[in-house]
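Trainee: I am new to this structure. Please pick one part and take me through it closely.

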Amino acid sequence: MLDWKSFCLAYLRSRSRIFVYIFSLGFLVLLFQFLFASLGTYFLYFFLLSGFLTFLFLVWDIFAEAQVYRQEVLYAERDPKSPLECALAEKLEERESELYQKKSEAQSKLTDLLDYYTLWVHQIKTPIAASRLLVAEVSDREVKQQLEQEIFKIDSYTNLVLQYLRLESFHDDLVFEKVQVEDLVKEVVRKYALFFIQKGLTVNLHDLDKIIVTDKKWLLVVIEQILSNSLKYTKKGGLEIYMEGQELCIKDTGIGIKNSDVLRVFERGFSGYNGRLTQQSSGLGLYLSKKISEELGHQIRIESEVGKGTTVRIKFTEVKLVIE
């Protein structure tokens, strides 16, 4: 549908000289009528006739331009008339062709890069699995736990890279279903049980008997990233995970986040004061969590106080799942 407001503004700009000429001519006619009143109404008749013909011309010109505007803007069809328009149209087509070619080349390079890193991630899984087998042979319990933790971190960071790459084709990998929140949370907590034990942290799960509609695999990624961050910056105390209305709350007793950083923690690559202090932040975990949550239709926000801890809230929108 033609946007008449935009068209009228564009038309007035393109015909500004004509309108200046018409108003100037009208002013001169009225001036002559005033100065030479003895000539009677001849000037007035001339002015009215000229005005009527000008009005007809403008109506015809507006509809003609509207047709051209519709073809170019809505249907991308160009029909240059003057030599200048032909030259400009030719230049524009050349630029569009160059832009399309550069875009195709960039997309091809990006695809190659994604393929390379995806292959790398899958290949690195083999030595990680082999390392786990070797660690299983270690007799010293303390050393074994430390090695298991480091291998777990390597595996987690590798998965983070893979999940980040998969964001490009996120919508091709969505399966919405009814999911029990308690089952999701317990699955993630079990995965990180070694860290809770090693750091002597408690975990309190309650009020999680809630069914939501989401993609289980991708929501697990979000919860994992949040839990990983909480464990990273919590030295004593523990975590509390519970449902409050439609929100899943993950609360820790960690070092907290500065007010100046709270609004930026979801930005890509932002590590903040805590990340620079500990040198343990990639700046991708929370960005990934925010991105995935938005794509799933969930909302995520953070409340934090330095020295007291942080609470991450994931709000689930009530959705009626229709199964065909």
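Mentor: Start with a definition: helices and strands here are DSSP runs, with at least four residues for a helix and at least two for a strand, numbered from the N terminus. On that basis, the protein has 11 helices and seven strands. Keep in mind that this is a predicted model. The chain runs to 324 residues, and 31% of them count as buried. Among contacts with a separation of 6 or more, 69% join residues 24 or more positions apart.

Now the close look: Thr310. Find Thr310 in strand β7, which spans residues 309-315. Is Thr310 buried or exposed? The cut-off for buried is under 20% relative accessible area. Thr310 has 8%, so Thr310 is buried.

Next, the surroundings. Leave out residues up to four places away in sequence, and Thr310 touches Ile250, Lys251, Asp252, Gly256, Ile257, Ile302, Glu303 and Ser304. One of these, Ser304, has a further link: its side chain makes a polar contact of 2.8 Å with the side chain of Thr310.

For contrast, turn to Phe52. Phe52 lies in helix α3, residues 42-74. Its relative accessibility is 48%, so Phe52 counts as partly exposed. Phe52 also belongs to a nonpolar surface patch, together with Leu49, Leu53, Phe55, Leu56, Val59 and Phe63. The patch has about 710 Å² of accessible area in total.

Last, the whole surface. The accessible surface of the protein is about 21600 Å². Carbon and sulfur atoms hold 59% of that surface.

Methods: Residues are numbered from 1 along each chain as its sequence is written. This is a predicted model: local features need pLDDT of at least 70, side-chain atom pairs count only at pLDDT 80 or more; totals for chains, interfaces and linings use all residues. Side-chain values use heavy atoms; hydrogens and water are left out. Patches are made of residues with over 30% relative accessible area and no salt bridge: like charges are joined within 9 Å, nonpolar side chains (Val, Leu, Ile, Met, Phe, Trp, Tyr) within 5 Å. Accessible areas come from the Shrake-Rupley method with a 1.4 Å probe; for residues, only the protein chains shown count as cover. A salt bridge is a side-chain nitrogen of Lys or Arg within 4 Å of a carboxyl oxygen of Asp or Glu. Buried means under 20% relative accessible area, exposed over 50%, partly exposed in between (1.4 Å probe, protein chains only). Contact means heavy atoms within 4.5 Å. A polar contact is a pair of N or O atoms within 3.5 Å; within protein, one must be able to donate a hydrogen and the other to accept it, and residues adjacent in sequence count only if both atoms are side-chain atoms.
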